[in-house]
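Reader: I am a first-year student and would be grateful for a close look at a single part of this structure. Please set that part in its wider context as you explain it.

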Amino acid sequence: MLFGQSVFQSVLERLKAEEEPAEETQAPPAHRVSGLATGLAFDVMEGISVASQRVGQAYFDNLNAEPAAEEAPPQEPEPVMPDHLARIAPEEIAAELAIAAADTQQTLNEKRRAFAKANHPDGVAEPFRDNANRRMMIANLLIDEAMRRLPHS
């Protein structure tokens with residue numbers, strides 16, 4: 001007991017004293033909870049200016065808005081096939097590889113890697129992958145044949 005009152009009674013008196021000044025000045029808003037120093041989450045909107053509220057409302061209005069017809073996404077330009085991908089005849093690819101009798105396994109592997117770097121289907125646009133596949137297949141056959149003809153050590 002504090003000053004002749006139970007702890008419960010003293011807490012009740014303190015709460016009652018805190019409520020009395022608020023009742024004299026103005027009634028708490030309906031969304032406030034009596035006895036709490038803060039209100040609910042939507043209390044934060046009370047201090048925002050009208051202009052800010054309009055901006056916020058515009059944001060929410062645009063969430064459901066359909067994109068305007070003239071605002072179509074920009075289209076990428078059609079890819080242009082590099083000149084070398086048009087050369088798919090075995091003779092043309094053999095000329096590019098320049099396989100010579102003096103080539104070794106190492107030089108042939110270097111030619112294969114260099115050709116693959118420039119012609120691999122994963123590195124070209126979708127419309128040109130068939131040509132790139134054909135070029136890679138022919139180049140690999142030509143290099144494999146040249147390796148079979150190398151003298152065995």
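**From a surface patch to a buried asparagine**

Author: On the surface of this predicted model, a nonpolar patch is formed by Val7, Val11 and Leu15, which together have about 230 Å² of accessible area. Val11 belongs to helix α1, which spans residues 7-25. This residue counts as partly exposed because its relative accessibility is 38%, a value that lies between the limits of 20% for buried and 50% for exposed.

The part that merits a close look is Asn119. This residue is located in helix α4, which covers residues 105-119. Asn119 has a relative accessibility of 2% and therefore counts as buried, since the cut-off for that class is under 20%.

The side chain of Asn119 takes part in polar contacts with two partners. One, of 3.4 Å, links it to the side chain of His84. Another, of 2.8 Å, links the side chain of Asn119 to that of Arg135. When neighbours within four places in sequence are set aside, the residues in contact with Asn119 are His84, Leu85, Ala132, Arg135 and Met136.

Met136 leads from Asn119 to the interior of the model. Apart from neighbours within four places in sequence, Met136 touches Phe115, Ala116, Asn119, His120 and Pro121. Met136 is also a member of the largest nonpolar core, which has 12 residues in all. The other members are Ile93, Leu97, Leu108, Phe115, Ala116, Ile138, Ala139, Ile143, Ala146, Met147 and Leu150. At least two residues of this core come from each of the helices α3 (90-97), α4 and α5 (129-148). Helix α5 makes the greatest contribution to the core, with six residues. Phe115 and Ala116 are thus worth finding in the structure: both are in contact with Met136, and both are listed in the core.

The wider setting is the protein chain as a whole. The chain contains five helices and zero strands, and along the sequence its pattern reads α-α-α-α-α. Of its 153 residues, 15% count as buried, and Asn119 is one of the buried residues. Among contacts in the chain with a separation of 6 or more, 57% are between residues 24 or more positions apart. The accessible surface of the chain amounts to about 12400 Å², and carbon and sulfur atoms account for 58% of this surface.

Terms used:
Residues numbered from 1 in each chain as written. Predicted model: local features only at pLDDT ≥ 70, side-chain atom pairs only at ≥ 80, totals over all residues. Heavy atoms only, no water. Patch = residues over 30% accessible without salt bridge, like charges linked within 9 Å, V, L, I, M, F, W, Y side chains within 5 Å. Areas by Shrake-Rupley, 256 points an atom, 1.4 Å probe, with all protein chains shown as cover. Salt bridge = Lys/Arg side-chain N within 4 Å of Asp/Glu carboxyl O. Helix = DSSP H or I, 4+ residues; strand = E, 2+ residues; numbered from the N terminus. Buried < 20%, exposed > 50% of the residue type's maximum accessible area, 1.4 Å probe, protein only. Polar contact = N/O pair within 3.5 Å; in protein donor to acceptor, adjacent residues only side chain to side chain. Contact = heavy atoms within 4.5 Å. Core = buried A, V, L, I, M, F, W, Y, C linked by side-chain atoms within 4.5 Å.
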